[in-house]
Amino acid sequence: MSEKEIESGQTKRLRSTILIGIIIAASAAALFGAYSFGLFNTKHAATSAHFTITMTNQGFNDSRTHNSPWPIMNVVVGQSVTILVENNDTVESHGFVITHYFDAGVKLRPGEWHNVGFVANQTGSFIIYCTIVCSIHQFMLDGQLNVSP
Ligand SMILES: [Cu+2]
C-alpha cells in the first residue's frame, strides 16, 4: 500500500465511523421523539387517572348549571383511579357514591374531604350520586363514571 492508499483507507474508516455515529444519534433522537410524543403508548399506557369532585350548594362541580349527566369522569379499564371528594359547602353535608366502584360511599360535613381510590376493573357507565337529602340534592343524582375498554 502506498502512503496515499493508507491515508485514504483511514479517511474512509473515519468517514464510516462518523456516519455510524450520526445514524445512531439520529435513531436515538427519533426513538426519544416517538416516545415523547406517546407513539409507543397503547390505550392502557396511562396507568392512573385523577379527579377532583367539589361539593357546594351548587352541587357536584356546579352540576346545578350543567346538563345531566354531570360531572363526567372518563377512564380506561385497568387504570387506577383516584378521586378527591371535597365538601366546600359551608352549611350542608353531602354524600358521594359511585355504583359498583364505591357503593359504601362517604358522607362529608362542611370542610371535610375524602380520597376515593380503586382500579377500574369493569367497563361500563356508573352513576355518581349524593346520599343525603340536601337542598341541592336533585342536581346531585346524575354524575357519571365511564370506564371504556
Ligand atoms: Cu344531597
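## Overall fold

Of the contacts in the protein chain with a separation of 6 or more, 64% are between residues 24 or more positions apart. The model is predicted. One helix and nine strands make up the regular elements of the protein chain, and their order from the N terminus is α-β-β-β-β-β-β-β-β-β.

The protein chain has 149 residues, and 28% of them count as buried. Its accessible surface is about 9,500 Å², with 58% of that area belonging to carbon and sulfur atoms.

## The open sheet

An open sheet is formed by four strands in the order 2-1-4-7, with mixed pairing. Strand 2 and strand 7 (113-119) are the edge strands, each pairing on one side only. Strands of a sheet pair through backbone hydrogen bonds, and the arrangement can be parallel or antiparallel.

Strand 1 (residues 48-56) and strand 4 (residues 80-87) run parallel and are joined by eight bridges. One of the residues involved is Met55, whose bridge partner in strand 4 is Asn87.

## Surroundings of Thr56

Thr56 is found in strand 1. Is Thr56 buried or exposed? Its relative accessibility is 19%, so Thr56 counts as buried, the cut-off being under 20%.

A polar atom of the Thr56 side chain lies 2.9 Å from the backbone nitrogen of Gln58. Leaving aside residues up to four places away in sequence, Thr56 touches Asp62, Asn88, Asp89, His94 and Ile136.

## Aromatic pairs

How many aromatic pairs does a search of the whole structure find? The search finds four aromatic pairs. Phe60 and Phe96 form an edge-to-face pair, with 5.9 Å centre to centre and 90° between the planes. Phe60 belongs to strand 2 (residues 59-60) and Phe96 to strand 5 (residues 94-98), so this pair ties together parts that are 36 residues apart in sequence. Phe60 is buried, with a relative accessible area of 0%; for Phe96, also buried, the relative accessible area is 0%. Ring pairs link Phe60, Phe96 and Phe102 into a cluster.

Tyr101 and Phe126 form an aromatic pair that is edge-to-face, with 4.9 Å centre to centre and 75° between the planes. This pair links distant parts of the chain, 25 residues apart: Tyr101 is in the loop between strand 5 and strand 6 (102-108), and Phe126 is in strand 8 (residues 124-129). Both Tyr101 and Phe126 are buried.

## Backbone features in the loops

Where is Pro69 found? Pro69 is in the loop between strand 2 and strand 3 (72-76), and the peptide bond leading to Pro69 from Ser68 is cis, with omega near -10°. Pro71 has its place in the loop between strand 2 and strand 3. The peptide bond that joins Trp70 and Pro71 is cis, with omega about -5°.

Asn61 lies in the loop between strand 2 and strand 3. Its phi is near 45°, a positive value in a residue other than glycine. Asn61 counts as partly exposed because its relative accessibility is 23%, in between the limits of 20% and 50%. His100, in the loop between strand 5 and strand 6, has phi near 70°, a positive value in a residue other than glycine. At 36% relative accessibility, His100 counts as partly exposed.

## Cysteines

How many disulfides does the structure hold? The structure holds zero disulfides. A disulfide is a covalent bond between the sulfur atoms of two cysteines. Cys130 has a relative accessibility of 2% and counts as buried. Cys134 counts as buried as well, with a relative accessibility of 9%.

Notes: Residues numbered from 1 in each chain as written. Predicted model: local features only at pLDDT ≥ 70, side-chain atom pairs only at ≥ 80, totals over all residues. Heavy atoms only, no water. Phe/Tyr/Trp six-rings, centres within 6.5 Å; stacked < 30°, edge-to-face > 60°. Helix = DSSP H or I, 4+ residues; strand = E, 2+ residues; numbered from the N terminus. Buried < 20%, exposed > 50% of the residue type's maximum accessible area, 1.4 Å probe, protein only. Disulfide = S-S within 2.5 Å. Pairing = 2+ DSSP bridges. Contact = heavy atoms within 4.5 Å. Areas by Shrake-Rupley, 256 points an atom, 1.4 Å probe, with all protein chains shown as cover. Polar contact = N/O pair within 3.5 Å; in protein donor to acceptor, adjacent residues only side chain to side chain.
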